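Open the model in your viewer and keep the selection tool at hand. We will go stop by stop.

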Amino acid sequence: IQQTPSILKALEAWFGEPYPYEKLDYIAIPEYWPGAMEHPGAVTWAASILLLDPESASLAQRRLLAKVIAHELAHQWFGDGVSTYTWEDIWLNEGFATYAEALWAEHKWGFTGLQTFMVQHDWGHNYGNDALVRNPSWDSPAYYFRPIAYHKGAWVLHMLRGVIGDETFFDALEAYRNRFEYLTATTEDFQTVAEEVFGKDLG
């Protein structure tokens with residue numbers, strides 16, 4: 001919990017001020033699935049994670065929790081603030097939130113932190129049959145919440161940042177957020193905004 005204000009401040013710098021909602025609530029639920037879930041203006045946590053005693057937590061546990069906080073708070077901008085139009089576009093939620101974890105690692109530990117995070121999330125060609133392609137035989141959104149949306153989604157953003165440069169990259173994220181805030185967007189919408197900001201084709 002103590003890490004939240006500094007993470008929130010960093011996210012505002014990367015994704016645009018102000019924070020999209022009037023307040024941020026944390027909700028601890030006993031026997032909740034072992035993780036966290038974003039909601040507009042709130043994050044639901046497993047009590048065992050949220051109430052972790054910082055005095056007894058290991059350095060690895062504190063670092064992991066900081067990444068989860070960054071991930072869930074990033075959804076206030078991308079996922080809750082801007083939502084996807086179709087489930088095939090879910091990488092716009094999860095890839096952005098996962099890349100926020102990478103940005104936090106870079107913020108805390110420099111290039112080495114960023115590099116370590118990205119290498120850990122590079123599955124190369126080992127995504128198996130994962131693909132963000134509509135499968136008519138599946139009507140459950142859970143079909144689309146696969147590692148490819150999270151890990152490769154973050155790598156697509158990292159690649160884009162490398163192509164267009166830091167300043168243009170963050171300008172594009174903010175422009176995308178401003179145009180589609182509290183609306184839905186597609187991958188094509190994000191590409192269009194990025195191309196407008198960059199001034200070149202990104203096909």
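The tour starts with the whole chain and then moves to single residues.

**Stop 1: the whole chain**

This is a predicted model. Show the chain as a cartoon. Seven helices and five strands make up its secondary structure. Trace the chain along its sequence, and the order reads α-β-β-β-α-α-β-α-α-α-β-α. The radius of gyration is 17 Å, close to the 17 Å that the globule rule gives for 203 residues, so the chain is as compact as a globular protein of that length. Along the principal axes, the C-alpha atoms fill a box of roughly 50 × 40 × 35 Å.

**Stop 2: surface and contacts**

Switch to a surface view. The chain exposes about 10,800 Å². Carbon and sulfur atoms supply 55% of that area. Of the 203 residues, 45% count as buried.

How much of the contact set comes from residues 24 or more positions apart? Such pairs account for 61% of the contacts with a separation of 6 or more.

Now colour by charge. The chain carries 13 positive and 28 negative charges. The mean positions of the two sets are 5 Å apart.

**Stop 3: the cis bond at P18**

Select E17 and P18. A cis peptide bond joins them, with omega at about -5°. Where does P18 lie? P18 is in the loop between α1 (4-15) and β1 (25-29).

**Stop 4: K23 and D25**

Side chains of opposite charge can pair when their charged atoms come close. By the salt-bridge rule, the count for this model is five. We visit some of them.

Select K23 and D25, and show their side chains. They meet in a salt bridge, at 3.6 Å from N to O. Are the two partners buried or exposed? K23 is exposed, with a relative accessible area of 52%. D25 is partly exposed, at 30%. The cut-off for exposed is over 50%, so K23 passes it and D25 does not.

**Stop 5: R161 and D166**

Select R161 and D166. Their side chains form a salt bridge at 2.8 Å, N to O. R161 counts as buried, at 8% relative accessibility. D166 counts as partly exposed, at 41%. Buried means under 20%, so R161 falls in that class while D166 does not.

**Stop 6: R177 and E181**

Move on to R177 and E181. This salt bridge spans 3.0 Å, N to O. R177 is buried, with a relative accessible area of 3%. E181 counts as partly exposed, at 23%.

Which residues are joined into one network by salt bridges that share partners? Add E106 to a selection of R161 and D166: these residues make up that network.

**Stop 7: Y182**

Select Y182 and check its backbone angles. Y182 has a positive phi of about 65°, although it is not a glycine. The residue sits in the loop between α6 (166-180) and β5 (184-185). At 47% relative accessibility, Y182 counts as partly exposed.

**Views to save**

Keep a view of the cis bond between E17 and P18. Keep another of the network of E106, R161 and D166. Save a last one of Y182 with its positive phi.

Methods:
Residues are numbered from 1 along each chain as its sequence is written. This is a predicted model: local features need pLDDT of at least 70, side-chain atom pairs count only at pLDDT 80 or more; totals for chains, interfaces and linings use all residues. Side-chain values use heavy atoms; hydrogens and water are left out. Helices (H or I, at least four residues) and strands (E, at least two) are DSSP runs, numbered from the N terminus. The radius of gyration is taken over C-alpha atoms; the globule rule is 2.2 Å times the number of residues to the power 0.38. Buried means under 20% relative accessible area, exposed over 50%, partly exposed in between (1.4 Å probe, protein chains only). Contact means heavy atoms within 4.5 Å. Accessible areas come from the Shrake-Rupley method with a 1.4 Å probe; for residues, only the protein chains shown count as cover. Lys and Arg count as positive and Asp and Glu as negative; His and the chain ends are not counted. The place of a charge is taken as NZ of Lys, CZ of Arg, CG of Asp or CD of Glu. A salt bridge is a side-chain nitrogen of Lys or Arg within 4 Å of a carboxyl oxygen of Asp or Glu.
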